[in-house]
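This report walks through one protein structure for a reader who has not seen it before. Please keep the sequence and the model at hand while reading.

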Amino acid sequence: MFHKILVAIDTSEIGQHVFDEAVTLTKAVNGNLMLLHVLSPFDGTGYLNPVLLQPSSVYPTLHTEAVNKYMQQWEDLKQERLNMLFSFAQKANKIGVRAEISQNLGDPGRTICEVARSWDADLILVGRRGRRGLSELFLGSVSNYVLHNASCSVLIVQGPVHNTTEETEVCNTVSS
């Protein structure tokens, strides 16, 4: 049976649903829960501006101010996500589920697998946003990576399916 359950929490629309499923399962098996959030430099604050990465010899103070502003935004994002994890952990603890938290920096799929391996997780719960077609190809799929690379069992919690306009047009054409 599962005793150490790792749940990957993000700020997507199904994050609460994934958490609820994880708490229900963890309580049923009297297990331990690890709430994991993976920070990526490409989430939340957007992509790094290449201008910030190269010092300007013409206006060096502008570069410093821009970097300082970016660093402050990054710190704010880290704290906001930690607060989210603390809130989820408190909810779990209130209903009798032992929960700990971890916030890591890196590629979400790889980091989830690494944390699960180092924590000796029996099960990983991860949400799936329901992207298909081109959006899945370009945006990637964390759940797909975890499913194929985890060292333990994986439970994927399905979110609402998002059809792109292109997919809807293809479906309509085929059904006509």
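Leaving aside residues up to four places away in sequence, Thr26 touches Ile5, Gly31, Asn32, Leu33 and Val97. Thr26 belongs to helix 1. With a relative accessible area of 1%, Thr26 counts as buried, because the limit for that class is under 20%. The model in which these contacts are found is a predicted one.

**Overall layout**

The protein contains 7 helices and 5 strands. Along the sequence they follow the pattern β-α-β-α-α-β-α-β-α-α-β-α. There are 176 residues in the protein, and 33% of them count as buried. Taking the contacts between residues at least 6 apart in sequence, 81% join residues at least 24 apart.

**Confidence**

The mean pLDDT of the protein is 81, and 72% of the residues reach 70 or more. Residues 44-52 have a pLDDT under 50 throughout, and the model gives this stretch 15 contacts beyond four places in sequence. Residues 170-176 also have a pLDDT below 50. For residues 170-176, the model has 0 contacts beyond near neighbours in sequence.

**An aromatic pair**

How many aromatic pairs does a search of the whole structure find? The search finds 1. The pair is formed by Phe19 and Phe88, with 4.5 Å from centre to centre and 35° between the planes, and it is classed as tilted. Phe19 lies in helix 1 (residues 15-29) and Phe88 in helix 3 (residues 60-94), so the pair ties together parts that are 69 residues apart in sequence. Both Phe19 and Phe88 are buried.

**Helix 4 and its surroundings**

Helix 4 covers residues 108-119, which makes 12 residues. At 1.5 Å a residue the helix should span 16 Å, and its end C-alpha atoms are 16 Å apart, so the expected and the modelled span agree. The buried residues of helix 4 are Gly109, Thr111, Ile112, Cys113, Val115, Ala116 and Trp119. What do these buried residues pack against? Their partners are strand 1 (4-8), strand 2, strand 3 (98-105), strand 4 (123-128) and helix 6 (142-149).

Trp119 has a further neighbour: Lys4 lies over the face of the Trp119 ring, at 4.6 Å from the ring centre. Lys4 can also be related to Asn30, since the two are 26 residues apart in sequence and 9.5 Å apart in space, C-alpha to C-alpha.

**Two loop residues with positive phi**

Asp120 follows helix 4 and is found in the loop between helix 4 and strand 4. Asp120 is not a glycine, although its phi is positive. Asn30 lies in the loop between helix 1 and strand 2 (32-39), and Asn30 likewise has a positive phi in a residue other than glycine. Are these two residues buried or exposed? Asn30 counts as exposed, and Asp120 is exposed too. The values are set out below.

| Residue | Phi | Relative accessible area |
|---|---|---|
| Asn30 | near 55° | 55% |
| Asp120 | about 60° | 54% |

**The cysteines**

How many disulfides does the count come to? The count comes to 0. The cysteine sulfur closest to that of Cys113 is in Cys152, at 8.0 Å, which is too far for a bond because a disulfide needs sulfur atoms within 2.5 Å. Seen from the other side, Cys152 is in no disulfide, and its nearest cysteine sulfur is that of Cys113. Cys113 is buried, with a relative accessible area of 2%. Cys152 is buried as well, with a relative accessible area of 17%. Cys113 is one of the buried residues of helix 4.

How values were computed: Residues are numbered from 1 along each chain as its sequence is written. This is a predicted model: local features need pLDDT of at least 70, side-chain atom pairs count only at pLDDT 80 or more; totals for chains, interfaces and linings use all residues. Side-chain values use heavy atoms; hydrogens and water are left out. Rings of Phe, Tyr and Trp (its six-membered ring) pair if their centres lie within 6.5 Å; planes under 30 degrees apart count as stacked, over 60 as edge-to-face and the rest as tilted. Helices (H or I, at least four residues) and strands (E, at least two) are DSSP runs, numbered from the N terminus. Buried means under 20% relative accessible area, exposed over 50%, partly exposed in between (1.4 Å probe, protein chains only). A charge sits over a ring if NZ of Lys or CZ of Arg is within 6 Å of the ring centre and within 35 degrees of the ring normal. The expected span of a helix is 1.5 Å times one less than its number of residues. Contact means heavy atoms within 4.5 Å. pLDDT is the predictor's confidence in each residue, from 0 to 100.
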